[in-house]
Amino acid sequence: MERITVELPANSYDICIENGLFARMGGLLRRQTAGSKALVVTDATVDVLYGKTLVESGMAAGLQVTKIVIPTGEASKSLAMLGELYRGFADAGLTRGDLVIAFGGGVVGDLAGFAAATYLRGIPYVQIPTTLLAQIDSSVGGKTAINLPQGKNLAGAFYQPAAVLIDPAFLDSLPPRVLRDGMAEAVKYGAIADRDLFEQLAGYRSREDFLRQAERVIAICCRIKRDVVEEDEKDTGRRMILNFGHSIGHAIEQVYQYQTYTHGEAVAMGMAQITEHSERIGLSRPGTTARIQAALRGLGLPLRPAVWDKTALLAAMARDKKNTSDGLQLVVLPEIGRADVIRVGLDAVAAWL
Ligand SMILES: NC(=O)c1ccc[n+]([C@@H]2O[C@H](COP(=O)([O-])OP(=O)(O)OC[C@H]3O[C@@H](n4cnc5c(N)ncnc54)[C@H](O)[C@@H]3O)[C@@H](O)[C@H]2O)c1
Ligand SMILES: O=C(O)C(=O)C[C@@H](O)[C@H](O)[C@H](O)COP(=O)(O)O
Ligand SMILES: [Zn+2]
C-alpha cells in the first residue's frame, strides 16, 4: 500500500492507495473511529454498484452502519440536499465521536464533507473516492462546499478528512466521460507542477493504457496536492495554482447551469482559454497553448464552449473566491510544469473575454 501523509498544524492524515483496498475497507474504517456508528453518504449510482458491500464490510468489522443515498449529479451539491443530510445525521443519532463516510465522486465528497464540517460543529469523516477526479483531487485537501444559485462552491469550509482510502479498481466501472473529467484535473497537475506527468498523460490513447498506470498517476497527483496544501492549507497564496483553469471553468459550469458541461470539461476549457490569453500577452512561453490544447484534444476534452456568452461569464467570474478588492486573481503558466498567480482588473478581464 502507498501511504502519503498530509501533515497540517491541526490534524495530519494518511492517503492510502492500493488496488483491491475495497476488500478490506471495513477493517480500515474501524481503525478510524473509537465510536460505534458510521454513516455512509453515497449517490444512487455508486450505491447500486458498491453500497451493499461497503455496509456489510463495516458491519462485519463491528460498526453500526447506516446509509444516505443522494441523487446522482451536480444538482445534489445544494442547500436542500445539505438539509437532507443534517436530517439524516440527526435521525441516525450521530455524535461527535462517530464517523461520516463520503463514498463516491467529488459531488458526494464535497457535500458530505461540508455536512460533516458543520453538523455538531464537526464530525470526523473519511473519504472513499470512487472517480478518478475524486481520487486525485477532491478527496484530498479539505475543501468542502455546496453550490449556491449565485455561483459554484460559494458556501463551504476547509475541513480535513480523517483519512482518504483509495482503491484504483473503482475506476474500472467509470463511464468514459467521467474518466475524462479526471484526466482534465490530472492534466492540470502536470501543467502546473510536473512536465513529465503532463507529457505522459498527453500520450495516453486508450482507456486500458491509462488504467494500467492509474495507481502510479494517482499517487503522483496526490503528492503534488499534498505538497501544495501543506504549504497553504487555507488558499491564501500558493494553493491558488490548483485553481488553474477554474476561474473560467467554474463560470462556464454556472452559465450552463451545471447541465451541459461537467466540472472536468469546464476546467479543460478554462485551461485552454486562459493559456491562449496568457500566451498572447506574453506571460506564457510561445507554444504553450498549442501543447496544452493538443493534450486536451487528444484526451477527448473540449477547448471552448459552444456559445461564449461574455457578459454572463464575466458576471460569474466576478464572484470567484480568489477575487480581492483589486480585481481577479488568475492562474497562468509561464511554461508547462510551472504556474503563477496574476492580479487582473475586471476591465482587463472584460476586454480579454
Ligand atoms: N473539493 C475539491 O478540492 C474538489 C476538487 C475537484 C472537483 N471538485 C468537485 O467535484 C465535483 C465533480 O466530481 P466528479 O467528477 O467525481 O463527479 P460526480 O461526483 O458527479 O461523479 C461523476 C459520475 O460518476 C459516477 N460514479 C462515481 N463513482 C463511480 C464508479 N466507481 N463507477 C461508475 N460510476 C461512478 C457518479 O454516480 C456520477 O454519475 C464537482 O462538484 C467539483 O466542483 C472538488
Ligand atoms: O483544492 C484546491 O485548492 C482546488 O482548487 C482544487 C480544484 O480542482 C477544485 O475544483 C476546487 O473545489 C475549487 O475550489 P474553489 O475554491 O475554486 O471553489
Ligand atoms: Zn477542480
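Which domains give residues to the shell around ligand 2, and where does the ligand lie? Domain 1 (2–173) and domain 2 (176–352) both contribute to that shell, so ligand 2 lies between them.

A few conventions help before going further. This is a predicted model, in which local features need pLDDT of at least 70, side-chain atom pairs count only at pLDDT 80 or more, and totals for chains, interfaces and linings use all residues. Residues are numbered from 1 along each chain as its sequence is written, while chains are lettered from A and ligands numbered from 1 in the order in which they are written.

**Two domains and their contact**

The protein is divided into domain 1 (2–173) and domain 2 (176–352), with bounds that come from an automatic or database domain assignment. Their C-alpha centres lie 25 Å apart. The contact takes 27 residues from domain 1 and 29 residues from domain 2; two residues are in contact if their C-beta atoms, placed from the backbone, lie within 7 Å. On the side of domain 1 that touches domain 2, the elements giving two or more residues are S1, strand S2 (13–17), H5 and strand S8 (151–158). Helices (H or I, at least four residues) and strands (E, at least two) are DSSP runs, numbered from the N terminus. H5 provides the largest share of that side, five residues.

UniProt also lists two domain features, both from an unreviewed entry. Its positions are given in the numbering used here, feature names are shortened, and annotations may be inferred rather than shown by experiment.

| UniProt feature | Residues | End C-alpha distance | Helix | Strand |
|---|---|---|---|---|
| 3-dehydroquinate synthase N-terminal | residues 68–180 | 27 Å | 34% helix | 28% strand |
| 3-dehydroquinate synthase C-terminal | residues 182–323 | 26 Å | 65% helix | 0% strand |

**The sheet and its helices**

Now to the sheet: seven strands form an open, mixed sheet in the order S1-S2-S9-S6-S5-S3-S4, where two strands pair if DSSP finds at least two bridges between them. Strand S1 (2–6) and strand S4 (64–70) are the edge strands, each pairing on one side only. On average, neighbouring strands are turned by 20° against each other, direction ignored. Within the sheet, strand S3 (residues 37–43) and strand S5 (residues 99–104) run parallel and are joined by five bridges. In S5, Ile101 is the bridge partner of Val40.

Two helices lie across these strands. Helix H2 (residues 44–60) lies across S3, S4 and S5, at about 165° to S3. Helix H4 (residues 106–118) lies across S3, S4, S5 and strand S6 (125–129), at about 165° to S5. Axes are lines fitted to C-alpha atoms, for helices over the stretch in contact, and angles run from 0 to 180 degrees between N-to-C directions.

**The ligand shells**

H2 and H4 appear again around ligand 1: together with helix H5 (132–138), helix H6 (176–193) and helix H10 (263–280), each supplies at least two residues of the shell. Of the 29 residues around ligand 1, Thr45, Gly105, Gly106, Thr130 and Ser138 come nearest; a residue is near a molecule if its C-beta atom, placed from the backbone, lies within 6 Å of it. The shell draws at least three residues from each of domain 1 and domain 2.

By class, the shell around ligand 1 has nine nonpolar, 13 polar and seven charged residues. Here Ala, Val, Leu, Ile, Met, Phe, Trp, Tyr, Cys and Pro count as nonpolar, Asp, Glu, Lys and Arg as charged, and the others, Gly among them, as polar.

The residues surrounding ligand 2 include Asp137, Lys143, Glu185, Asp235, Arg239, His246 and Lys321. Its shell divides into two nonpolar, four polar and six charged residues.
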